[in-house]
Amino acid sequence: MALDDRDADKQKLFSRRAAILGGGQLALFAVLAGRMYYLQVIESQQYEILAEENRVNVRLLPPLRGEVVDRFGKKLATNRQNFRVVLIPEQTDDVEATLDKLSDIIPITERTRKRILKDVSQKRGFVPLTVAENLEWEDFAEINIHTPDLPGLQPEVGDTRHYPYGEDLAHVVGYVAAVSDSDLEGANDPLLQLPGFRVGRSGVERLLESELRGRAGNSRVEVNAFGRVIRELAKVPGTPGDEVVLTLDMDIQRFATERVRGESASVVVMDVHSGELVAIVSAPGFDPNLFNVGLSQAEWDGLTNNELNPLVNKTLAGQYPPGSTYKMIVALAALEAGAMTPQRLVNCGGKVTLGSHDFHCWKRGGHGPVNMVQAIQQSCNVYFYELSKRVGIDKIEEMSRRFGLGDQVAMDMAGEKPGLVPSRGWKRATTGIPWQQGETLNAAIGQGYLLTTPVQLATMSARFANGGKAVRPWLVRSVGGRARPAPQAVPMGIAPENMEVIQRGMDAVVNIPGGTAFRSRLPLEGLAMAGKTGTALVRRISREERARGVTQNEDLPWRFRDHALFVGYGPVANPRYAISVIVDHGGGGSAAAAPVAKDVMTRVLTRDPMALAAYEQSVHGRDVTDLGDGVAKGRG
Amino acid sequence: MVLEAISRSGRLSLIDKLYEINWGFLLLVTAIASFGFAMLYSAADGSFDPWASRQMVRFGLGMGILLVFALVDPRLWLQLAYPAYGFALVLLIAVEVAGTTGMGATRWINLGFIQLQPSELMKITLALALARYYHMLEQDRVSHPLYMLPALAFIALPVALVLRQPDLGTALLLSVVGVSVIFMAGLSWRYIVAAGAAVMVAIPIGWQYFLLPYQRERVFTFLDPSRDPLGAGYHTTQAKIALGSGGVWGKGFMEGTQSHLNFLPEKQTDFIFVMLSEELGLMGGMTLMALYAALLGFIMMVAMGARNQFGRLLVAALGVNFFLYVFINVAMVMGLIPVVGVPLPLVSYGGSAMLVILAGFGLLMSIYVHRNQELPRGGGIL
């Protein structure tokens with residue numbers, strides 16, 4: 001019993017203590033429940049977001065870059081499948097062995113190997129590493145066949161920009177290249193962060209970069225804690241970039257490019273009424289596809305050290321003295337100012353003396369008495385010296401500007417240089433010396449300070465052809481199906497009869513015997529071209545050279561020879577296309593530039609097999625000696 | 001033979017004992033374990049292999065042990081208390097000498113067929129030993145300083161050994177279980193208050209001299225998970241994300257994104273409650289907690305219903321042990337306390353823990369079955 005009593009005490013005490021303990025446990029459980037409620041009810045939404053962020057990775061899907069096509073839909077810049085091989089390190093036991101096996105199929109440089117081995121050691125095993133890109137289909141196919149023997153390697157197909165016409169269009173369409181730091185400044189398009197993404201670097205690719213780029217799509221993928229992709233949850237395809245339709249006619253572009261191959265030259269063909277550029281050739285070009293991949297140092301050096309300046313778009317950025325192609329401006333200025341009538345004769349004795357200085361005609365013996373049409377036809381310098389004395393530099397400058405010289409004329413094209421049309425004010429401001437009358441005479445034959453670009457010359461020619469409407473050259477017809485309205489060609493307010501005199505002069509240059517470009521008249525029944533030759537002096541033959549027997553331009557080193565120019569339009573009866581041709585250091589305009597213009601214009605005006613045959617014949621039967629132009633300056 | 005030997009020692013027949021077993025309690029235990037089976041099935045992405053099937057086998061084995069233990073007369077447990085404690089202590093020393101190292105700690109001993117973790121065994125044998133000690137001790141001597149020493153020694157020896165492994169979590173668990181037995185044996189409040197004060201003093205000293213750098217780091221990380229967002233803090237952060245994102249109703253069975261995508265570490269063991277909360281939500285978690293509470297309530301009922309101090313203290317100690325498991329695990333995964341390696345009893349995947357828990361419930365059931373039986377105070381080995 002005693003034991004029972006004592007046990008009863010113990011039990012009583014125990015029960016009290018047990019109650020305390022149980023109460024404590026209950027209280028702690030309540031804490032747990034409260035915490036659970038807090039996390040799963042009150043804070044739940046926040047954790048749901050965090051969980052989703054944990055789980056879901058958004059991967060950018062680069063959109064297909066918009067294509068660039070010519071007026072007939074020919075693809076000028078397109079996207080090509082990029083066959084590449086990626087390595088997933090975790091799928092192979094021996095990365096080096098895998099690379100060795102791959103090198104039996106395609107070459108793997110030591111640099112690539114080092115880069116891959118470095119990445120393998122630094123990145124997670126499931127992150128794909130690019131081993132090779134832009135593979136030939138044959139190599140790619142072979143790798144595909146051998147995949148079972150190439151553990152860890154995965155053939156993939158991506159997209160890469162492709163320029164089917166290569167260097168024929170490099171300056172117009174431009175190229176794409178890797179994103180640079182300056183591209184990233186202020187830009188918030190996540191696409192730019194994408195490795196391997198390319199942006200337009202020049203030409204249309206750069207000008208319309210935002211339209212061509214398109215918008216990124218995304219793929220929401222579920223990843224596990226290690227970042228490995230488990231599955232794709234949703235995919236929003238990107239919006240492809242807009243298609244850009246150019247005014248170019250690739251057939252003409254290519255023909256013209258081919259025609260001046262081997263030369264440093266530019267050819268611009270434009271519609272005289274609309275200003276549409278049909279061809280805009282700057283030769284030589286370069287292969288824009290190389291820029292996409294990345295140039296080697298040797299390739300880059302080859303381009304930058306090339307005397308022919310393949311990287312410069314000469315049609316827009318090449319500035320040349322217009323030479324005799326400028327004479328129409330002087331003539332028109334004189335007519336409009338009433339300083340000259342078309343019929344009035346000026347006697348050319350071979351030179352004009354001003355003060356103590358002789359100004360020569362290109363024809364030593366002189367042309368004798370010539371009227372305006374004849375002066376243009378034969379490019380008589382003395383006539384224009386006389387004309388310029390009568391009309392003065394101010395009117396000539398004003399007329400130049402009305403024809404688009406000395407300013408940027410091209411629409412939607414980047415990198416155009418303005419050229420230079422000198423004036424009294426300009427001269428005083430730049431040199432501090434007043435204008436001299438001799439400089440007016442120089443300007444009258446397109447020399448001196450004058451600088452023009454091929455695009456300006458084509459524009460000038462178009463404005464003569466269309467009877468004086470201020471057309472401007474443009475290149476982009478439509479973007480993403482939305483037409484870009486052609487710039488309005490405002491009438492320039494020039495008397496039609498005056499304009500007609502100029503046109504008759506230009507007609508005579510090509511189509512009347514004695515004209516400086518008579519040998520370049522079109523071999524087409526009913527279709528004639530009008531135009532004007534020009535020769536731009538690069539360097540005068542020095543006294544010492546003359547003493548050494550260097551009497552002709554051809555005797556000088558190439559880079560000192562004169563530029564050959566031609567501007568023109570056709571058909572004469574109903575002008576449709578204007579053209580400007582400049583062959584750098586080509587010598588005389590009638591010998592080097594006019595034949596190019598003839599061939600290109602023939603192609604433009606016909607675009608049929610007959611014209612092709614005529615072209616073949618003219619190429620093979622072409623007279624290479626230059627009879628029309630020969631002597632020092634101001635020949636036309 | 002065995003069953004006969006067991007039943008012979010008691011006044012109840014084998015049939016009586018089987019009748020006396022609380023089958024409702026066993027059902028409760030099975031219900032809790034079933035949560036584990038389901039979650040392990042989910043953790044393996046809808047497969048019984050590798051976890052759920054083995055866990056079920058262990059549970060079956062453990063239930064067998066439970067039933068056998070339940071039929072044993074408590075007098076035998078009383079007699080075995082000290083030898084069992086001694087055996088567990090020897091094993092702990094053996095770990096020191098010839099233990100298997102895993103994850104930077106030496107906790108296991110390789111018995112050839114099983115990797116035994118002696119500290120698990122100690123959780124029960126310590127309870128047995130202390131219960132026996134206070135069962136034998138006169139009530140008025142409980143608060144006598146001299147008679148406190150053996151009890152403290154019972155606790156200190158295994159705690160010291162476990163700390164050396166090092167296993168801070170288990171050492172704390174053993175300490176708390178031991179101290180709670182002394183508390184329930186009726187230790188004077190004066191000592192309790194004094195001891196509490198001593199602990200407050202001991203904490204900074206222990207911090208300085210007994211905690212290993214990694215253990216200190218854990219505490220720091222707990223206080224500020226962003227200290228080590230991809231290391232130890234990662235566990236806490238990801239556990240909170242997974243649990244919180246489960247919401248009230250959960251993401252659905254086998255639909256837990258965080259756990260299935262391995263954001264959740266140790267999802268089948270220590271962090272299984274998080275996975276359950278992610279997939280079954282607040283409702284699932286609360287249901288499990290309610291089952292645990294019911295189970296603990298039953299344990300306290302058994303403890304108070306026992307007619308001897310040995311049974312009372314033993315069952316209460318087992319209850320405290322079980323409660324601590326649940327509390328530490330759940331509080332840990334919810335970021336309330338630092339991450340210590342404590343499984344969720346009956347639910348987490350793991351062999352030793354499951355068997356030890358069920359064996360403990362066997363002892364508990366034995367006390368329950370024999371609750372109306374007197375237990376002599378003498379006649380022990382000591």
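These exercises work through sheets, charges and backbone geometry in a predicted model.

Residues are numbered from 1 along each chain as its sequence is written, and chains are lettered from A and ligands numbered from 1 in the order in which they are written. Local features need pLDDT of at least 70, side-chain atom pairs count only at pLDDT 80 or more, totals for chains, interfaces and linings use all residues, and side-chain values use heavy atoms, without hydrogens and water.

**Exercise 1.** Work out the strand order of the five-stranded open sheet in chain A, and find its edges.

*Solution.*
- Take strands as DSSP runs of E with at least two residues, and helices as runs of H or I with at least four, numbered from the N terminus.
- Pair two strands if DSSP finds at least two bridges between them.
- The order in chain A is E12-E11-E23-E22-E21, with antiparallel pairing.
- Strand E12 (277-283) and strand E21 (530-536) of chain A each have a single partner strand, so one side of each lacks a neighbour in the sheet.
- The twist averages 10° from one strand to the next. Axes are lines fitted to C-alpha atoms (for helices, over the stretch in contact), and angles run from 0 to 180 degrees between N-to-C directions.
- Now look inside the sheet. Seven bridges join E11 (residues 265-271) to E23 (residues 577-583), both of chain A.
- Val269(A) stands opposite Ile579(A) in E23(A).

**Exercise 2.** Do the same for the open sheet of three strands in chain A.

*Solution.*
- The order is E1-E8-E9, again a case of antiparallel pairing.
- Strand E1 (56-61) and strand E9 (229-236) of chain A are the edges; each has a single partner, so one side of each is left without a neighbour in the sheet.
- Neighbouring strands are turned by 30° against each other on average, direction ignored.
- Six bridges join E1(A) to E8 (residues 217-223) of chain A.
- Val58(A) stands opposite Arg220(A) in E8(A).

**Exercise 3.** Which parts of the chain does the salt bridge of Arg71(A) link?

*Solution.*
- Side chains of opposite charge can pair when their charged atoms come close.
- Apply the criterion: a side-chain nitrogen of Lys or Arg within 4 Å of a carboxyl oxygen of Asp or Glu.
- The structure holds 28 salt bridges over all chains.
- In one of them, Arg71(A) pairs with Glu276(A), the closest N and O atoms being 3.1 Å apart.
- Arg71(A) is in the loop between strand E2 (68-69) and strand E3 (75-87) of chain A, and Glu276(A) is in the loop between E11 and E12 of chain A, 205 residues apart.

**Exercise 4.** Locate the two cis peptide bonds before Pro571(A) and Pro50(B), then check phi of Asp45(B).

*Solution.*
- Most residues other than glycine have a negative phi, and most peptide bonds are trans.
- The bond from Gly570(A) to Pro571(A) is cis, with omega near -10°. Pro571(A) is in the loop between strand E22 (563-570) and E23 of chain A.
- Asp49(B) and Pro50(B) are joined by a cis bond with omega about 5°. Pro50(B) is in the loop between helix H3 (23-43) and helix H4 (52-71) of chain B.
- Asp45(B), not a glycine, has a positive phi of about 55°. Asp45(B) is also in the loop between H3 and H4 of chain B.
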